[in-house]
Amino acid sequence: MGTCWGDISENVRLEVPNTDCSLPTKVFWIAGIVKLAGYNALLRYEGFENDSGLDFWCNICGSDIHPVGWCAASGKPLVPPRTIQHKYTNWKAFLVKRLTGAKTLPPDFSQKVSESMQYPFKPCMRVEVVDKRHLCRTRVAVVESVIGGRLRLVYEESEDRTDDFWCHMHSPLIHHIGWSRSIGHRFKRSDITKKQDGHFDTPPHLFAKVKEVDQSGEWFKEGMKLEAIDPLNLSTICVATIRKVLADGFLMIGIDGSEAADGSDWFCYHATSPSIFPVGFCEINMIELTPPRGYTKLPFKWFDYLRETGSIAAPVKLFNKDVPNHGFRVGMKLEAVDLMEPRLICVATVTRIIHRLLRIHFDGWEEEYDQWVDCESPDLYPVGWCQLTGYQLQPPASQCKLVYRKGVLL
């Protein structure tokens, strides 16, 4: 709904159910928006003036929220709240006076809500997705369910359908069947020789498009050093190395000092990914850079490390420097995917902003569980998104949950 939200602001009037009423049937009354918080609005019934006693929160995209005029067109009664019924004898004249020149929802608002919740991915579609146990490769998975554009993918060889992976349909972790072979990425071949009945390959045009790059001139090379968000610990930005250059601008990245000998924990980032940075990015932006595990020459200095390892830094000009006017500010609340447990969406807060990079803190958890996330990540949602889509929102953690997650018994 982001592109349709320009019409939603304070003082916009709506027709909503009247809960301050003793009638046996559902009736409606007009309310104005006092305050907005994501999809949610604090509403005040017309006639209460400065009295906030019956103010209430609701999701603007809910099925019971309508533009002014909907009741008249639908034959539904407009009944003033019981608390203020005595204030005016001519409520019709009152409403005409109050609503003249006032803004309301666009007449097609509910249609736009409905259209925005139609998703092209469907159950039984096959995709290639990162193998959560071996990050260096992909494997085939099947869409099991779709909630709010988020996909529950079950790896094709999962016999009891419990080996799953959650991601958004626009995630950079999923691709069309044949993607790995086309760019030279590792792929786990399936033991299943033919598609199961009803399963079909997802059309390639449904996947998020990556920016085209020109690899013919100066380009990333194996062995070049850079800084990268650790996919296994998203609270850290680490010293990293390009381990393999693939086609179409994709790179295999290894985190220095913690790589498996067989490269099974290399991770695929596109050259335009907002999760990789030139050498010196952390120092310039006063972010703590995580040095290679076991490296003892601290504090870490890139110049010394490059000399010691006989390596060069990836050219700064090759990195993505686009910074959209995203509008995020420190302290803003949102709903965010816990990318280390991606079936969970949690109450979260923006705590730092570096260009397009956001530091996301999960309310109630310690800072070690924070995650660096791009401002355009499909894993960030406005307040009220879970309620709108029917996805379960994890509330701020209590102390007992915190202890449990840390693996400590009380």
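Two strands count as paired here if DSSP finds at least two bridges between them. With that in hand, the hairpin made by S20 and S21 is a handy place to start in this predicted model. Just 2 residues sit between the two strands of the hairpin, and His355, in the turn, has a positive phi of about 60 degrees. Strand S20 covers residues 345-354 and runs antiparallel to S21, with 6 bridges joining them. Within this pairing, Ile353 stands opposite Leu358 of S21.

S21 has another partner too. Strand S22, residues 371-374, pairs with S21 in the antiparallel sense, this time over 4 bridges. Here Ile360 has Gln371 of S22 as its bridge partner. As for how covered S21 is, the strand spans residues 357-362, and 6 of its 6 residues are buried. That goes for both faces: Leu357, Arg359 and His361 are buried on one side, and Leu358, Ile360 and Phe362 are buried on the other. So much for the strands; next comes the empty space.

The second largest pocket holds about 1,000 Å³ of space. Its lining takes in 29 residues, and the ones nearest the pocket centre are Gly2, Tyr39, Leu380, Tyr381 and Pro382. In terms of chemistry, the lining breaks down into 18 nonpolar, 9 polar and 2 charged residues. Three elements each supply at least two lining residues: strand S19 (333-337), strand S23 (380-381) and helix H7 (385-389). Of the elements, H7 gives the most, with 3 residues. Where does the second largest pocket lie with respect to domain 2 and domain 4? Domain 2 (125-206) and domain 4 (332-404) both give residues to the lining, so the pocket lies between them.

Last up is Leu306, which sits in helix H6, a run covering residues 302-309. Is Leu306 buried or exposed? Its relative accessibility is 16%, and since buried means under 20%, Leu306 counts as buried. Setting aside neighbours within four places in sequence, Leu306 has contacts with Lys225, Ser311, Ile312 and Ala313. Lys225 is 81 residues away from Leu306 along the chain, yet the C-alpha atoms of the two are separated by 8.0 Å.

How values were computed. Residues numbered from 1 in each chain as written. Predicted model: local features only at pLDDT ≥ 70, side-chain atom pairs only at ≥ 80, totals over all residues. Heavy atoms only, no water. 1 Å grid on protein atoms, 1.4 Å probe; cavity = no way out; pocket = protein on both sides within 12 Å on 5 of 7 lines; lining within 4 Å. Points joined across faces, edges and corners; volume = space filled by probe spheres on them. Nonpolar A, V, L, I, M, F, W, Y, C, P; charged D, E, K, R; others polar. Domains from an automatic or database assignment. Buried < 20%, exposed > 50% of the residue type's maximum accessible area, 1.4 Å probe, protein only. Contact = heavy atoms within 4.5 Å.
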